[in-house]
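Got the viewer open? Let's take a walk through this one together, one selection at a time.

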Amino acid sequence: MVMPLSAQDIAAIRSFYDVWVDALLRQDFDTMLTLYTADTIVMPPNFELVQGKAALGKFVRGFPRVT
């Protein structure tokens with residue numbers, strides 16, 4: 001059974017997304033990384049698995065400028 005998202009859940013997801021996108025556009029990767037835990041695992045498409053906040057920091061700092 002699939003439980004629908006509450007309004008609070010949707011607001012939390014949107015807040016995360018808004019902070020993430022704003023940080024990416026400003027290339028403020030330190031702020032972006034505050035959204036992740038030390039044991040984070042990210043599976044970016046067409047890249048190897050990124051495991052851990054330090055590895056994620058290195059990965060995102062390699063992003064090209066996004067506008």
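Start by selecting tyrosine 36. Leaving aside its neighbours within four places in sequence, tyrosine 36 is in contact with Phe16, Trp20, Val42, Lys53 and Leu56. Keep in mind as you click around that this is a predicted model.

**The core**

Now add the rest of the largest nonpolar core to your selection. Besides Tyr36, this ten-residue core holds Ala23, Leu24, Phe29, Met32, Leu33, Val42, Val50, Leu56 and Val60. Colour the helices and you'll see where parts of the core come from: helix H1 (7-26), H2 and H3 each supply at least two of its residues. Which helix gives the most to this core? That's H2, with three residues.

**The aromatic rings**

Stay with one core member, Phe29, and show its ring. Phenylalanine 29 counts as buried, because its relative accessibility is 8% and the cut-off for buried is under 20%. Next, show phenylalanine 63 as well. That residue is partly exposed, at a relative accessible area of 22%.

There are four aromatic pairs to find here. How are the rings of phenylalanine 29 and phenylalanine 63 arranged, given centres 6.5 Å apart and planes at 90°? They are edge-to-face, because an angle of 90° is over the 60 degrees that this label asks for. Trace the chain between the two and you'll find that the pair links distant parts of it: phenylalanine 29 sits in helix H2, phenylalanine 63 lies in the segment after H3, and they are 34 residues apart.

Now click phenylalanine 59. Its ring also pairs edge-to-face with that of phenylalanine 63, with 5.4 Å from centre to centre and 85° between the planes. Add Phe47 to the view, and you have the whole cluster that ring pairs link together: Phe29, Phe47, Phe59 and Phe63.

**Over to helix H3**

Select lysine 58, which is found in helix H3 (residues 53-60). Is lysine 58 buried or exposed? It's exposed, with a relative accessible area of 71%. Try a distance from here to phenylalanine 29: the two C-alpha atoms are separated by 9.6 Å, although the residues are 29 apart along the chain.

**A buried threonine in a loop**

Next stop, threonine 40. Look for it in the loop between helix H2 (29-33) and strand E1 (41-42). Threonine 40 is buried, because its relative accessible area is 9%, under the 20% cut-off. What does threonine 40 touch, not counting residues up to four places away in sequence? The list is Val50, Gln51, Gly52, Lys53 and Leu56. You've already met Lys53 and Leu56 as contacts of tyrosine 36.

**Two positive phi angles**

Finish with a pair of backbone oddities. Glutamine 27 is found in the loop between H1 and H2. Although it is not a glycine, glutamine 27 has a positive phi of about 55°. Glutamine 27 is also partly exposed, with a relative accessible area of 31%.

Then jump to asparagine 46, in the loop between E1 and strand E2 (50-51). Here too a residue other than glycine has a positive phi, near 65°. Asparagine 46 is exposed, at a relative accessible area of 79%.

Key:
Residues numbered from 1 in each chain as written. Predicted model: local features only at pLDDT ≥ 70, side-chain atom pairs only at ≥ 80, totals over all residues. Heavy atoms only, no water. Helix = DSSP H or I, 4+ residues; strand = E, 2+ residues; numbered from the N terminus. Buried < 20%, exposed > 50% of the residue type's maximum accessible area, 1.4 Å probe, protein only. Contact = heavy atoms within 4.5 Å. Core = buried A, V, L, I, M, F, W, Y, C linked by side-chain atoms within 4.5 Å. Phe/Tyr/Trp six-rings, centres within 6.5 Å; stacked < 30°, edge-to-face > 60°.
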